[in-house]
Amino acid sequence: MPKQEVGSTKWLGNKMKAKGLQKLRWYCQMCQKQCRDENGFKCHRMSDGHQRQMQLFVQDPNRFMDEFSQA
Ligand SMILES: [Zn+2]
């Protein structure tokens, strides 16, 4: 296996994975769902499940706000 170049995209990706930074980046707090990348996050926001969460949020925002502030 070829050695990874320090500073390369791949190296950075592995570093981010190790640090868990990726976890926060594409996280949908509304659904408490973690997406793999920007594209996954976009797809998720278009999904039925997310739309349903949005409907619930609109109907009862206070409940969600309480949950968010506890997190
Ligand atoms: Zn969502």
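**Figure 1. Cysteines and the search for disulfides.** In this predicted model, a search of the whole structure finds zero disulfides. A disulfide is a covalent bond between the sulfur atoms of two cysteines. Cys 43 is in no disulfide, and the nearest cysteine sulfur, which belongs to Cys 35, is 8.6 Å away. A pair would have to lie within 2.5 Å to count. Is Cys 43 buried or exposed, or does it fall in between? Its relative accessibility is 48%, so Cys 43 counts as partly exposed.

**Figure 2. The zinc ion and its four donors.** The zinc ion is held by two cysteine sulfur atoms, SG of Cys 28 and SG of Cys 31, and by two histidine nitrogen atoms, NE2 of His 44 and ND1 of His 50. These atoms coordinate the zinc ion at 1.8 to 2.3 Å. What is the geometry of the site? The angles among the four donor atoms run from 106 to 116°, and the site is tetrahedral. For four tetrahedral donors, the ideal angle at a metal is 109.5 degrees.

**Figure 3. The zinc donors along the chain.** The donors of the zinc ion are spaced as C-x2-C-x12-H-x5-H in the sequence. One pair of donors links distant parts of the chain: Cys 28 belongs to strand β1 (residues 27-28) and His 44 to helix α3 (residues 38-46), and they are 16 residues apart. Cys 28 has a relative accessible area of 5%, so it is buried. His 44 is also buried, with 6% relative accessibility.

**Figure 4. The surroundings of His 44.** His 44 sits in helix α3. Which residues does His 44 touch, if those up to four places away in sequence are not counted? They are Cys 28, Cys 31, Lys 33, Cys 35 and His 50. Among them, Cys 28, Cys 31 and His 50 also coordinate the zinc ion.

**Figure 5. An aromatic pair.** How many aromatic pairs does a search of the whole structure find? The search finds one. The pair is formed by Trp 26 and Phe 41, whose ring centres are 5.9 Å apart. The angle between the planes is 45°, and the pair is described as tilted. Trp 26 lies in the loop between α2 (21-25) and β1, while Phe 41 lies in helix α3, so the pair ties together parts that are 15 residues apart in sequence. Both Trp 26 and Phe 41 are buried.

**Figure 6. Gln 51 in helix α4.** Gln 51 is found in helix α4, which covers residues 48-59. With a relative accessible area of 39%, Gln 51 is partly exposed. Leaving aside neighbours within four places in sequence, Gln 51 is in contact with Arg 45 and Met 46. How many residues lie between Gln 51 and Cys 31 as a separation in sequence, and how far apart are they in space? They are 20 residues apart in sequence, and the C-alpha to C-alpha distance is 9.7 Å.

**Figure 7. The chain as a whole.** The chain has five helices and two strands. Along the sequence, these elements follow the pattern α-α-β-β-α-α-α. Of the 71 residues in the chain, 13% are buried. Among contacts with a separation of 6 or more, 12% are between residues 24 or more positions apart. The chain exposes about 6200 Å², and carbon and sulfur atoms supply 53% of this area.

Methods:
Residues are numbered from 1 along each chain as its sequence is written. This is a predicted model: local features need pLDDT of at least 70, side-chain atom pairs count only at pLDDT 80 or more; totals for chains, interfaces and linings use all residues. Side-chain values use heavy atoms; hydrogens and water are left out. Donors are N, O and S atoms within 2.8 Å of the metal (3.2 Å for Na, K and Ca); water is not among the atoms, so sites may look incomplete. Four donors count as tetrahedral if all angles lie between 85 and 135 degrees; four count as square planar and six as octahedral if opposite donors are over 155 degrees apart and all others between 65 and 115; anything else is irregular. Helices (H or I, at least four residues) and strands (E, at least two) are DSSP runs, numbered from the N terminus. Buried means under 20% relative accessible area, exposed over 50%, partly exposed in between (1.4 Å probe, protein chains only). Rings of Phe, Tyr and Trp (its six-membered ring) pair if their centres lie within 6.5 Å; planes under 30 degrees apart count as stacked, over 60 as edge-to-face and the rest as tilted. Contact means heavy atoms within 4.5 Å. Accessible areas come from the Shrake-Rupley method with a 1.4 Å probe; for residues, only the protein chains shown count as cover.
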